[in-house]
Amino acid sequence: MQNEMIERPTARYGRQRLSRRTRRRIAIGLTAAVVVLGVVIAAVAFVRFDAGDVKGELGGYRIVDDKTVEVTVSVTRDDPSQPVVCIVRARSYDGTETGRREVLVAPSTAATVQVRTVVTTSRPAVVGDVYGCGSDVPPYLVGG
């Protein structure tokens, strides 16, 4: 007798298993789909979250009082003639954000500038930091 698939009664024995070759093809196809999906997600994240031509770093912070934090940001940009926006924030001891502020960094002749701003908080903060900077400046910050 040759290697033939003999039909078994489904009600009694359940569904027949897929052949080894079919299972292998399905596994390879699913693996390839997961890899492609991962590459697409990574590419979208890179484009969306890439700092690009603007970089903001915390220069320092000072707790003024229970409702105020002074934050200094060091901003480096490829084209200093363009305005950029930085978001600075204050955080409490447990890490929650207690205050946030958008800061316009005006055009300059220097590639790196320091900007100091005051963030008003809703409860006592223990640290000030830079959330991020970007070149997509909202119109309300530039008066347009």
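# Salt bridges, a disulfide and paired strands

User: In this predicted model, the side chains of E70 and R62 meet in a salt bridge. Why is this contact called a salt bridge?

Analyst: The N to O distance between E70 and R62 is 3.5 Å. A salt bridge needs an Arg or Lys side-chain nitrogen within 4 Å of a carboxyl oxygen of Asp or Glu, so the pair qualifies. Side chains of opposite charge can pair when their charged atoms come close.

User: Are E70 and R62 buried or exposed, and how do you know that?

Analyst: E70 has a relative accessible area of 19%, and buried means under 20%, so E70 counts as buried. R62 is at 45%, which falls between 20% and 50%, so R62 is partly exposed.

User: How many salt bridges does the structure hold, and which residues are linked in a network of them?

Analyst: There are eight salt bridges in the structure. R89, R91, E97, R100 and D129 are linked in a network.

User: What makes E97 a salt-bridge partner of R89 and of R100?

Analyst: The closest N and O atoms of R89 and E97 are 3.6 Å apart. For R100 and E97 the distance is 2.9 Å. The limit is 4 Å, so each pair passes. R89 is buried at 17% relative accessible area, whereas E97 is partly exposed at 35% and R100 is partly exposed at 44%.

User: What makes C86 and C133 a disulfide?

Analyst: Their sulfur atoms are 2.0 Å apart. The criterion is a pair of cysteine sulfur atoms within 2.5 Å, so C86 and C133 meet the criterion. The structure holds one disulfide. A disulfide is a covalent bond between the sulfur atoms of two cysteines.

User: What handedness does the disulfide of C86 and C133 have, and how do you know that?

Analyst: The torsion about the S-S bond is about 110 degrees, so the disulfide is right-handed. C86 lies in strand β3 (residues 84–91) and C133 in strand β6 (residues 127–134), so the bond ties together parts that are 47 residues apart in sequence. Both C86 and C133 are buried.

User: Why is β3 described as largely enclosed by the rest of the structure?

Analyst: Seven of the eight residues of β3 are buried, so the description holds.

User: What makes β3 and β6 paired strands?

Analyst: Seven bridges join β3 to β6, and the two strands run antiparallel. At least two bridges are needed for a pair, so these strands count as paired. V85 stands opposite G134 in β6.

User: How do you know that β3 also pairs with β4?

Analyst: Eight bridges join β3 to β4, against a minimum of two, so they are paired. These strands also run antiparallel. R91 has E97 in β4 as its bridge partner. The hairpin of β3 and β4 has five residues between the strands, and G95 there takes a positive phi near 95 degrees.

User: What makes β1 and β2 a pair?

Analyst: Strand β1 (residues 54–65) is joined to strand β2 (residues 68–77) by 10 bridges, so the requirement of at least two is met. The strands run antiparallel. I63 has V69 in β2 as its bridge partner. A hairpin with two residues connects β1 to β2.

User: Why does T117 count as buried, and what joins its side chain to R101?

Analyst: T117, in strand β5 (residues 112–120), has a relative accessibility of 8%, and the limit for buried is under 20%, so T117 counts as buried. A polar contact of 3.3 Å joins the side chains of T117 and R101. The cut-off for such a contact is 3.5 Å, so the distance fits.

User: Why is E102 called partly exposed?

Analyst: E102, in strand β4 (residues 97–105), has 31% relative accessibility; this lies between the limits of 20% and 50%, so the label applies.

User: Which residues form a nonpolar patch on the surface, and what makes L18 eligible for a patch?

Analyst: L18, I26 and L30 form the patch, with about 270 Å² of accessible area together. L18 is in the loop between α1 (10–13) and α2 (20–49). L18 has 39% relative accessibility, and patch residues need over 30%, so L18 passes on accessibility.

Key. Residues numbered from 1 in each chain as written. Predicted model: local features only at pLDDT ≥ 70, side-chain atom pairs only at ≥ 80, totals over all residues. Heavy atoms only, no water. Helix = DSSP H or I, 4+ residues; strand = E, 2+ residues; numbered from the N terminus. Buried < 20%, exposed > 50% of the residue type's maximum accessible area, 1.4 Å probe, protein only. Patch = residues over 30% accessible without salt bridge, like charges linked within 9 Å, V, L, I, M, F, W, Y side chains within 5 Å. Areas by Shrake-Rupley, 256 points an atom, 1.4 Å probe, with all protein chains shown as cover. Polar contact = N/O pair within 3.5 Å; in protein donor to acceptor, adjacent residues only side chain to side chain.
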